[in-house]
Each structure stands twice: as C-alpha cells, then as structure tokens.
Amino acid sequence: MTVNKPLSFAGLLLILLLALSCASPDSEGKNPAVNIGNQEWGISLAATPQELSQGLGGLPSLPRGKGMLFDLGEERIIAVTTVPMFFTIDVVFISESLRVTEVAPEVIPGRLILSQSPARYFLEVNAGEAAKIKAGDLVRLRLPTSKEGR
C-alpha cells in the first residue's frame, strides 16, 4: 500500500531550486544576442579579466551569425589585439548609451587597433558581417540574468 504524504516546505524549496538550476538563462527563448539594424548575432559575453584577455584567441573559426561582446564596465579608449587569432574579424565599438561609435572592418590576425573615441563595449564578428553597420546606429543587447534589459 502506498501512502501519499504532502511535501514539506523544505521539499518544495528543494524541488524549486533544482528546477531553477536546470533552467537556462534563456528559458523564455531569450538567447544572449546583439542587434544592430536588421542584423543579429548570438553572442558569448566577455566581462571578467580572464574572458576579456582570452576573447576569441585560439579559436580556429567563428560560426556565421555568432560573435563575442566585450563589456569593459565603463567608457574608455579601447585597444583590441588580434595577435592570438586565426581568422579576420570586424570590430564594432559601442558606447554606454548603446550607439555604434565606429567599425573596424577586416582586422587581420596579428594586429593592434585602438578605438578613436571612448566606448564601453566592442563586438567581434566574422569579417564582412558588420559591413552595413555605421557610426550612430542603435544597438540592442539581450543579455542573460543581471545584465538583462541594458
């Protein structure tokens, strides 16, 4: 004979915590992404010192429509190195107010570039993918958890 007993508060809390830990930050279909004009890139976010220094370095390639967004936490002149890279990229510099400040197209491996004006973010994508983007374009960020809504 099976006896059904109601779950205790602790049991319910444990189930809730397990369910939340298994849910992705995109459980509502919101994958991290950057939108500029009619273009969208699924992104990885680099914000910690280790992520910022590693970036895309060492990767053999980047899938089309994917990129990496670097968040420096404040606006400043940005130095981007492609020394550890194996493929050419476009770099889009983005202000804290989410406007494109400039685009560095077709940056080949082994280069160092500097932004011409302060920016908080920069987006690295495959060469040619940012060809239609220009300074002043509005940027929409869809970031996970605490960064959501920026």
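Two strands count as paired when DSSP finds at least two bridges between them. With that in mind, let's walk through this predicted model, starting at strand 5. Strand 5 runs antiparallel to strand 8, and six bridges join them; within this pairing, Asp90 sits opposite Val125 of strand 8.

Strand 5 has another partner in strand 6, again antiparallel, with five bridges. Here Val91 has Ala104 as its bridge partner. The two strands make a hairpin with five residues between them, and Leu98 in the turn shows a positive phi of about 65 degrees.

How much of strand 5 is buried? Six of its six residues are, so the strand is largely enclosed by the rest of the structure. Both faces are covered: one side carries Ile89, Val91 and Phe93, while Asp90, Val92 and Ile94 lie on the other.

Some of these residues also belong to the largest nonpolar core, which has 18 residues; Val91 and Phe93 are among those with the most contacts inside it, along with Ile78, Val80, Ile113 and Phe122. Strands 3, 5, 6 and 8 each give two or more residues to this core. Apart from it lies another core of 17 residues, including Val100, Tyr121, Leu123 and Ala130. Setting aside its neighbours within four places in sequence, Ile78 touches Phe93, Ile113 and Phe122, among others.

Finally, take a look at Glu124 in strand 8. Glu124 is buried yet has no salt bridge, and the nearest side chain of opposite charge, Arg76, is 13 Å away. Beyond its neighbours within four places in sequence, its contacts include Val80, Ile89, Asp90 and Val91.

Technical notes:
Residues numbered from 1 in each chain as written. Predicted model: local features only at pLDDT ≥ 70, side-chain atom pairs only at ≥ 80, totals over all residues. Heavy atoms only, no water. Core = buried A, V, L, I, M, F, W, Y, C linked by side-chain atoms within 4.5 Å. Buried < 20%, exposed > 50% of the residue type's maximum accessible area, 1.4 Å probe, protein only. Helix = DSSP H or I, 4+ residues; strand = E, 2+ residues; numbered from the N terminus. Contact = heavy atoms within 4.5 Å. Lys, Arg positive; Asp, Glu negative; His and termini not counted. Salt bridge = Lys/Arg side-chain N within 4 Å of Asp/Glu carboxyl O.
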